[in-house]
Amino acid sequence: MNTLGPLSEELTARMNETLRDEDPLLGKLPTPQPGDDLVAVLPAASKRAVGVVRQVDTPLDSPVSLWRASTLESLQLRHEPHCSSRDIAEVLDAWLDSPEPAVSETGGDRARSVRIPVITTQAIIPLIERGFAPSTVTLARRLSSPPLRPIHRTEVLVRPAIENDRHRMRELMRELVSTEIPFGAVRERTATLSDTYADEAVSLDPGWAVVAELRGEVIGWANIAPPELSTWAADSVSTRPAAYLGVAIVSRAFRAGGVGHALVSDLHAHAASAGVDTVLLDASAQNPWSMPFWQREGYRPLWTTWQRRQPQGL
Ligand SMILES: CC(C)(COP(=O)(O)OP(=O)(O)OC[C@H]1O[C@@H](n2cnc3c(N)ncnc32)[C@H](O)[C@@H]1OP(=O)(O)O)[C@@H](O)C(=O)NCCC(=O)NCCS
């Protein structure tokens, strides 16, 4: 199947118009790309809502599998701007009544997910009633908005990451993953899988990855991928150039002392000087520390990804 059909296309166009009117920063709804595995298009009887189901298989040795079940079925909702929760519930039920896809490889896991604009509130109760919970929230900040917090002078030095930091950045990346696993958005995989993210950050041009150093020890790091490496995420916002903040980690003993703020502020200044308009990121929705931090850095939520994880071993 490679087209959505006229009803989904019409609803997609109308929904995009409404979303743009309600929140000009919201990007467009995703459309299937060549190679997407489109499984089904499920309309409600009223024709006011449609669900587009696709399946994504991710090998367990791919770093992306840290953030994604190895067999993921996602539903994209398309609906009349003011359709009822009942229309959405009907689409969800048609989807959930269909058999779960078989896990794509030994030791793999399964989940179903739905990503909605935060303003699509009529989908929330049907999702909760069907056992879904928010997994991640996509937040964005326009760099033209003023900083919300002053940077306090500390002994901490923020500087561009260099090759010699690679080992310590890998360790901190593993700490980030183990911190996030209990909150449900990051998955338990082999310990070295996250090293790739530290390696990628070190190879960015100077200034796009920064470390925080205290008395010679690196205690945290963060990075923003420049716009040309952030195109996969950029459609979540309408503004350009958009750049993706992938990692922010401060080692546990040093948290809540302004180090995260100093790292992020430095990255913002660098991205602004490179002409970036908007920075976006995905934060763990179930980690109660996460959202307050990002909101205090001036980010606001645009999309929520709801997830229903299949218990492992079932
Ligand atoms: C999120 C994180 C990078 C922030 O760095 P930080 O140095 O703790 O942040 P700051 O000191 O600048 O800001 C602290 C604020 O962030 C929030 N916060 C986030 N995590 C916190 C934590 N573990 N402990 C206390 N406050 C935390 C609070 O709102 C706090 O506000 P306060 O200063 O009024 O108490 C860091 O806490 C961390 O590495 N957490 C674990 C990994 C993570 O969640 N990364 C972000 C997702 S990619």
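**H4 against H5.** I started with this helix pair in what is a predicted model. The axes of H4 and helix H5, residues 195-202, come within 8 Å, and I read a crossing angle of roughly 140°. That angle makes H4 oblique to H5, because the cut-off for roughly antiparallel is over 145. I also looked up the hand of the H4 and H5 crossing, and it is right-handed.

Next I listed who meets whom. H4 brings Arg166, Met169, Arg170 and Met173. From H5 come Asp195, Tyr197, Ala198, Asp199, Ala201 and Val202. Sorted by class, the residues of this H4 with H5 contact are six nonpolar and four charged, with no polar ones.

**Around the ligand.** I moved on to the ligand and its shell of 19 residues. Arg255, Ala256, Gly260, His261 and Trp289 come nearest to the ligand. Which elements supply at least two residues each of the shell? I found helix H4 (166-180), strand E9 (242-250), helix H7 (259-273) and helix H8 (290-296). So H4 turns up again here, as one of the suppliers of the ligand shell. H8 gives the largest share, four residues. By class I noted 10 nonpolar, seven polar and two charged residues in the shell.

**Domains.** The domain assignment splits the protein into domain 1, residues 6-131, and domain 2, residues 142-301. I took the centres over C-alpha atoms and got 28 Å between domain 1 and domain 2. Their contact uses 14 residues from domain 1 and 15 residues from domain 2. On the domain 1 side that touches domain 2, I have nine nonpolar, two polar and three charged residues.

**Backbone oddities.** Last, I checked the backbone for exceptions. Most peptide bonds are trans, and most residues other than glycine have a negative phi. Which peptide bond is cis? The bond from Arg240 to Pro241 is, with omega near -10°. I placed Pro241 in the loop between helix H6 (231-234) and E9. E9 is already in my notes as a strand that supplies at least two residues of the ligand shell.

The other entry is Lys47, where phi is near 65°, a positive value in a residue other than glycine. Where does Lys47 sit? I found Lys47 in the loop between strand E1 (37-43) and strand E2 (49-57).

Conventions:
Residues numbered from 1 in each chain as written. Predicted model: local features only at pLDDT ≥ 70, side-chain atom pairs only at ≥ 80, totals over all residues. Near = placed C-beta within 6 Å. Nonpolar A, V, L, I, M, F, W, Y, C, P; charged D, E, K, R; others polar. Axes fitted to C-alpha atoms, helices over the stretch in contact; angles between N-to-C directions. Parallel < 35°, antiparallel > 145°, perpendicular 65-115°, else oblique. Left-handed = near helix turned anticlockwise from the far one by under 90°. Contact = placed C-beta atoms within 7 Å. Domains from an automatic or database assignment.
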